Amino acid sequence: MSGPERLPLPDVVVRARAQVGEGPVFDARTGRLCWVDINERTLFETDLSTGEQRETDVGLLLGAAVPREREPGFAVAVADGLGLWTDGALDLREPVLPEPHRRMNDAKCDSRGRLWAGSNHMEFAPGGGALHRWDGRGPSAVVRDGFTLPNGIGWTVEDDTMYFADTFAYTLYRADFDADEGEVGPFSVHCTFGEEWPDGLAVDVEGCVWVAFWGSSEVRRIDPRGEVVAVVPMPVTQPSSCAFGDDGTLYITSACAGLSEEELAAQPLAGSVFAVATATSGVPVHPFAA
């Protein structure tokens, strides 16, 4: 029986030294690839056709930035909670994490434009993480808690299933999802990974989940049965998240935080953004509706 398909080594599309590159998403308004460096509090907006890149310091640890649908700027998940980044100013609408030992992490919008974001304890205390939902029109809500490091979020093309990774639980979860109501059912284990760390993810139109594995030098495609069916080998040990372009290209962020001088010398591309062609396409990722 043959093993998982092995895709080619990805190309470098943004050469960088991001401490913790994360949250790749395409901005339909500009065509730019937007991504963040959590530790450096920086939002990047990259024109992949020209190489032009805008870098903005938002002033707080930045877990994710999601383009808005009808208004300028971004919905952001930051150290202190959730808000809007517009014209160089942060409007912290939901300061739900005032404690210095907590912060927001990864975030993504569902098909109705609601923002879903994970929060975690800065020391990754077990049970200190939660999943939040915010539509921008009313208060945010904690939908589930008891996690350790809530991370990648995504939905199937049918919009009836939500995927969610808890990195330090070594687990990818799934749950029934009601898109109209914005309600998620109980999470069940889709698959576990020993002591490997699933990080950010993207879902394709065939129901498979592409998961970046921090520390394992791979992005893996996991099918609806929970089986690994394809692997993207990475030239860096800390791939962190991924997102599909319109043509089925998978874009992959990475990190250099925590690497020794020797490891950095052996991984000169750590912290860069990569791209690899796939034979599928991604489920559309939606902007923030409010």
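Q: Which residue of strand 9 is the bridge partner of phenylalanine 74?
A: Tryptophan 85 is that partner in this predicted model.

Q: What makes strand 8 and strand 9 a pair?
A: Two bridges are the minimum for pairing. Strand 8 (residues 74-78) and strand 9 have five, in the antiparallel sense. They therefore count as paired. A hairpin of two residues joins them.

Q: Why do strand 9 and strand 10 count as paired?
A: The cut-off is at least two bridges. Strand 9 and strand 10 (residues 89-94) share four, so they qualify. Their sense is antiparallel. Across this pairing, leucine 82 stands opposite glutamate 94.

Q: Which residue takes a positive phi in the hairpin of strand 9 and strand 10?
A: Aspartate 87 does, with phi near 50°. Two residues lie between the strands there.

Q: What makes strand 9 mostly covered?
A: Buried means under 20% relative accessible area. Five of the six residues in strand 9 (residues 81-86) are buried.

Q: Why is the pair of phenylalanine 168 and tryptophan 197 called edge-to-face?
A: Two tests apply: ring centres within 6.5 Å, and planes over 60 degrees apart. Here the centres are 5.2 Å apart and the planes stand at 75°, so both tests are met. The chain has 15 aromatic pairs by this rule.

Q: Where in the chain do phenylalanine 168 and tryptophan 197 lie?
A: Phenylalanine 168 is in the loop between strand 16 (161-166) and strand 17 (171-178). Tryptophan 197 belongs to strand 20 (residues 197-203). They are 29 residues apart, and the pair links distant parts of the chain.

Q: Why is phenylalanine 168 classed as it is, and tryptophan 197 likewise?
A: Partly exposed lies between the 20% and 50% limits. Phenylalanine 168 has 25% relative accessibility, so it is partly exposed. Tryptophan 197 has 31%, so that label fits it too.

Q: What makes phenylalanine 193 and phenylalanine 213 an edge-to-face pair?
A: Their centres are 4.8 Å apart, and the angle between the planes is 80°. The limits are within 6.5 Å and over 60 degrees, so the label holds. Phenylalanine 193 sits in the loop between strand 19 (188-192) and strand 20, and phenylalanine 213 in strand 21, so the pair ties together parts 20 residues apart in sequence. Both residues are buried.

Q: Why is arginine 220 said to lie over the face of phenylalanine 213?
A: CZ must be within 6 Å of the ring centre and within 35 degrees of the ring normal. Arginine 220 lies over the face, at 4.1 Å from the ring centre, so the distance limit is met. Arginine 29 lies over the face of phenylalanine 74 at 5.2 Å.

Q: Which residues have the most contacts inside the largest nonpolar core?
A: Trp210, Val219, Val232, Met234, Cys242, Leu250 and Ile252 do, in a core of 20 residues. Elements giving it two or more residues include strand 21 (209-214), strand 23 (228-233) and strand 24 (239-244). Apart from it lies a core of 16 residues, among them Val25, Cys34, Ala65 and Ala257.

Q: Why is the chain called as compact as a globular protein of its length?
A: Its radius of gyration is 17 Å. The globule rule gives 19 Å for 290 residues, and the two values are close, so the description holds. Of these residues, 58% count as buried. The chain has one helix and 26 strands.

Methods: Residues numbered from 1 in each chain as written. Predicted model: local features only at pLDDT ≥ 70, side-chain atom pairs only at ≥ 80, totals over all residues. Heavy atoms only, no water. Core = buried A, V, L, I, M, F, W, Y, C linked by side-chain atoms within 4.5 Å. Buried < 20%, exposed > 50% of the residue type's maximum accessible area, 1.4 Å probe, protein only. Phe/Tyr/Trp six-rings, centres within 6.5 Å; stacked < 30°, edge-to-face > 60°. Rg over C-alpha atoms; globule rule 2.2 N^0.38 Å.
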